[in-house]
2 protein chains.
Amino acid sequence: MSKLTDLPKRILIGRALRSDRLGETLLPKRVALPVFASDPLSSVAYAPGEVLIVLSLAGLSAYHFSPWIALAVVVLMFTVVASYRQNVRAYPSGGGDYEVATTNLGPRAGLTVASALLVDYVLTVAVSVSAGVENLGSAVPFVIENKTLCAVGAIVLLALMNLRGVRESGKLFAVPTYLFVAGVFAMILWGGFRSLVLGDTMHAPTAEFEIKPEHQGLAGFALVFLLLRAFSSGCAALTGVEAISNGVPAFRKPKSRNAATTLALMGLLAVTMFCGIIALAMATDVKMAENPAKDLIRDGVPVGEGFTQDPVIAQVAEAVFGHGSFLFMVLAAATALVLFLAANTAYNGFPLLGSILAQDRYLPRQLHTRGDRLAFSNGIVLLAGAAVLLVWIYGADTTHLIQLYIVGVFVSFTLSQTGMVRHWNRLLAAERDPARRRHMVRSRAINAFGAFFTGLVLVVVLATKFTHGAWVALLGMVIFYGTMTAIRKHYDRVAAEIAADDASPDESARPSRVHAIVLVSKLHRPTLRALAYAQLIRADQLEALSISVDPAETKALREDWERHGVNVPLKILDSPYREVTRPVIEYVKGLRRRSPRDVVSVYIPEYVVGHWYEHLLHNQSALRLKGRLLFTPGVMVTSVPYQLQSSEAAKKRARKRADWSAPGSVRRGPVERRHKEPNRKG
Amino acid sequence: MSKLTDLPKRILIGRALRSDRLGETLLPKRVALPVFASDPLSSVAYAPGEVLIVLSLAGLSAYHFSPWIALAVVVLMFTVVASYRQNVRAYPSGGGDYEVATTNLGPRAGLTVASALLVDYVLTVAVSVSAGVENLGSAVPFVIENKTLCAVGAIVLLALMNLRGVRESGKLFAVPTYLFVAGVFAMILWGGFRSLVLGDTMHAPTAEFEIKPEHQGLAGFALVFLLLRAFSSGCAALTGVEAISNGVPAFRKPKSRNAATTLALMGLLAVTMFCGIIALAMATDVKMAENPAKDLIRDGVPVGEGFTQDPVIAQVAEAVFGHGSFLFMVLAAATALVLFLAANTAYNGFPLLGSILAQDRYLPRQLHTRGDRLAFSNGIVLLAGAAVLLVWIYGADTTHLIQLYIVGVFVSFTLSQTGMVRHWNRLLAAERDPARRRHMVRSRAINAFGAFFTGLVLVVVLATKFTHGAWVALLGMVIFYGTMTAIRKHYDRVAAEIAADDASPDESARPSRVHAIVLVSKLHRPTLRALAYAQLIRADQLEALSISVDPAETKALREDWERHGVNVPLKILDSPYREVTRPVIEYVKGLRRRSPRDVVSVYIPEYVVGHWYEHLLHNQSALRLKGRLLFTPGVMVTSVPYQLQSSEAAKKRARKRADWSAPGSVRRGPVERRHKEPNRKG
């Protein structure tokens, strides 16, 4: 059956590359940094611009608040990094925020975190790809002219790559990430040098523009609210910080310490780049507006629909390096690349989180087994579909999409940090050693402050962005939460239904005898094999059963039976209406009625074929019959396969598929033992 | 698995109506006539118009040829009816043209007939529905303004009705068909009375129009060619005549004679109505044109795009009964209804022919078993899809669609009649009784003339219509022919591969022992049941196998195992990468390597659930594992079902589905024994 659904996939995606089995390769810090940091680092490509856009609503004068907002983001970043360094040390198993929240705050909090993260993965794809397309568009006009199309194309391309099972490799991440970091630093240093030492006046392409404020002369509460909104948008720089806490097992030893160091390094790089870009934007007089066509004024006239507002990083690069210069192009390409990589991390993280949720039975169990390609594929298709939908609805506009973003991350931050406070409280209750107690109290203080601060930001984000789109993200969370709760309830109900009663080690009526039936249509090799196998099991009774739908065929069967001297009695049931299923079912039910304690064992010869279209030509009646037989109590159904020559093709395909390695394996690391939270049922 | 694909169907189509089992009801002639004649009778609703449209290409003067064309159609109709009366007597088994051609001319001729008929079923739907919409549109303007949409809607509606398993009933056919026949006869009689007795001058709505001929002053060969084309279009009145030859078993006894009488009656009705309508069209000065907007001239000006050309039957009814009169409305409704019924006959005939072809292994075998809903569904969906495509492409324009029509029917007529000639030759070679020989010689003469005449018409149809669209029909036939040949070849190849070698009654290495494995994940009721059943079969070796993907779960399993005192050894395989399939496959392969003559019997506990979404939550790993195991030689795989409470729902559904009766059963009759053609392999 799965072959059928396989076909379109195979046509589109091709066969999986043969890749080596997941080796015992652990990540050194210099590789771990780009693997985990492409998401948070890449967000400096759009976060500064979003801050300026919100400020511009109050007019140009509000731009002088931007350093203060940058400062607030820096403080927040340090808080979050400091908090997660505690997480990484306390939970080195890679369960991340979901595990921390579930263990310390209970399964509902854990599920809330999971829903929030799933939504945020979707938005990471949508936002990063949209921003990537905008950055690429600053160098290649075609891209920006077909923004939505290019963004959708990029999402689909990433999905196909991940479906094919492209292996994450350190190199893949290292080159663009380091190139991007180096480019931004070069820009900041060269820009600072030109401005402060050479005394050059650099001009962004929008330097001469005026901004028409949407709200003239904002003050008091309204101004504060606007500043908070700008801060919320700046917080986009923090997304992805939590990813390292899922990836501790992938680090070299000492795992926790290396992860903590990498985390600190990542935070430092991110804030430096964020602040540097804001400073350069101020120095080069970048102007950004939410509706550039209307609100950006050139020589007293709005710039109109034809104008394309380039991202801040591109405008600054143009001012510092010069329009169309080599370095400008390199930085634009590196920015776009690192943004696509950031989107790619979501493709790895989404099915990975799904597999953890599956272990706790919030998602179908088969997602749990690694290397289950189908499960990963479903996750990837779901993620890509949702991201395409969002990109389509919002026209691949980063400014609009960013309104939905961050909600999930801060829900996750807040619950995780609150959970950590509980964690320390629990440990402190048992710990007596003063030195270790001091250490724990310090950690608790950091996490408590983290919980308070991220909670505050969550409130700010919700208050300032709810009507602008955050409700969509919340709705998404509710849908995920509801679905996963329903799945868990189903599993629990089934588990209760099938639980082995301790009193009686077996079911009430122990079966006593086996009545075996071999289904026969003609006497060919598959039938002979099924007969031979069925004879081996020494049932109490064995007979062959054939449904006569055609007198000539039945006659031929009887003759063959005698000619071959098959020593199994052949029973033939008439079916005047040429049905196959019904007479068999009725016969089996009759046997069961006569001797209710007997088990009926039905042997069905089955062809094993190699191509999906052959499936349409064989086994269909057998499949349907089997489906009906399974509903009949006291029956077991045995498929006796006969491998046709063409099955070799499918065998090879299956072997290749088994060698496929799931995306995201590098960051997950080879250790598979999750920390067990106390409330998990066995 | 089938449950998954079931869902969208169920939402759209609803559950099947519970209908009584196909009873032993045979059709009396008065019911058989409307059941089989709705197709040929309904074609008089468009055939006369198509004749006039072709003639109008040569201008109004060409209209005086129309009685001659009508005469030619009448002669052809009598020939075909006379010929098929021979078929019905010689082949009372209901195999129809396919059987006659296969038996007498060989399988290739048979397959050609089958391909031709399949294509013509598609066109019956497209043409009848388009004509139905046009007739309905003469009374309800909205319908004609949204012609394509309404036609597609009607096709889809018919498909849904047939998918739901609406039972054909005599009444369903009788009321509209007799209403239509009565209406047309009333119109002819009242029109004749008004014209001949009262001396009224009746005017069709287009009576005052002029026609601008596309070809001025055609003469000689060109004129003959045009007349032949008009005749070809008129031949549409003959489609469906062959249907009775498939339906002989449905008649009351004496079947053949009753069928022959019904056939004669049908021919008589059809030609009378056809000629009557042509005569009335002449009397009321109906004007028809291929491009009415351009070629119909009112007061010296073309009528333009806004003009809707009503069908001839509607125009005549308007002239005879008066515009908007009650009788006019009734006739329009009856005409539309009988045309939709005609389309419906294709929905019954298409899967029926498919099931006969499946018996000869030209189509997947499972189509052969009656009551196989899935098979019928696939046929219906294929038919509806192809018809929608044609209607869409040709804008539901009867005049365009009719160009594709008839090719198939006349291929079928010609081959069938040729086959009949061979049939009589064969019988005559053996027959000595002079009276019966005389009878046979007479029959042969009729069939020979039929073969000659229909062959001639086929040549005319192909010559006059090939470039106008008949090539599409031929292409369709080639596609059907090629596909069916390929399927048959596949079956033959497999049959050769699996044929039991007569020398060695069994396979070379007879298996000696059974090594049974019960797959276990937890110790719950399904597992206990599987263990109990596996113990019953007394294998040479029995062990339980569990794949450890989680140490805690494995520990719990071991403890449960001891607590329950299960007396089967438990083997646990480690799977550090949380795979399930690979370790099992490798273990089984290892067993086979060590003792190649052993058979490995794998028992898999399986949950039986009631809803499609539950399928997503259970058995997925088991299914995949089973799929892989089947490729391993020397293995048999047993599903031990455990029926969850929810499976009751599916059981009820399956029961309902089993009670569903296939569309087309009334006309097929209860007798299932097909005449065996000599070249069929057993």
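How many bridges join β1(B) to strand β2 of chain B, and do the two run parallel or antiparallel? Keep that in mind as you load the structure, which is a predicted model.

**Stop one: the sheet in chain B.** Select residues 296-298 of chain B to show β2, then add β1 at 210-211. Here is the answer to the opening question: 2 bridges join β1(B) to β2(B), and the strands run antiparallel. Now pick I211(B), and look across to L296(B) in β2(B), which stands opposite I211(B).

Next, add residues 301-302 of chain B, which form β3. You now have an open sheet of 3 strands on screen, ordered β1-β2-β3 with antiparallel pairing. At its edges are β1 and β3 of chain B, each pairing on one side only. As background, strands of a sheet pair through backbone hydrogen bonds, so switching on a backbone view is a handy way to look at this stop.

**Stop two: the sheet in chain A.** Move to chain A and select 210-211 and 301-302, the edge strands β1 and β3. Add β2, residues 296-298, which 2 bridges join to β1(A) in an antiparallel run. The order in this open sheet of 3 strands is β1-β2-β3, again with antiparallel pairing. Which residue of β2(A) is the bridge partner of I211(A)? Click on L296(A) to find it.

**Stop three: the domains of chain A.** Zoom out and colour residues 27-493 as domain 1 and residues 513-665 as domain 2, following the domain assignment of chain A. How far apart do the C-alpha centres of these two domains lie? For domain 1 and domain 2 of chain A, the separation is 56 Å.

Conventions. Residues are numbered from 1 along each chain as its sequence is written. Chains are lettered from A and ligands numbered from 1 in the order in which they are written. This is a predicted model: local features need pLDDT of at least 70, side-chain atom pairs count only at pLDDT 80 or more; totals for chains, interfaces and linings use all residues. Two strands pair if DSSP finds at least two bridges between them. Helices (H or I, at least four residues) and strands (E, at least two) are DSSP runs, numbered from the N terminus. Domain bounds come from an automatic or database domain assignment.
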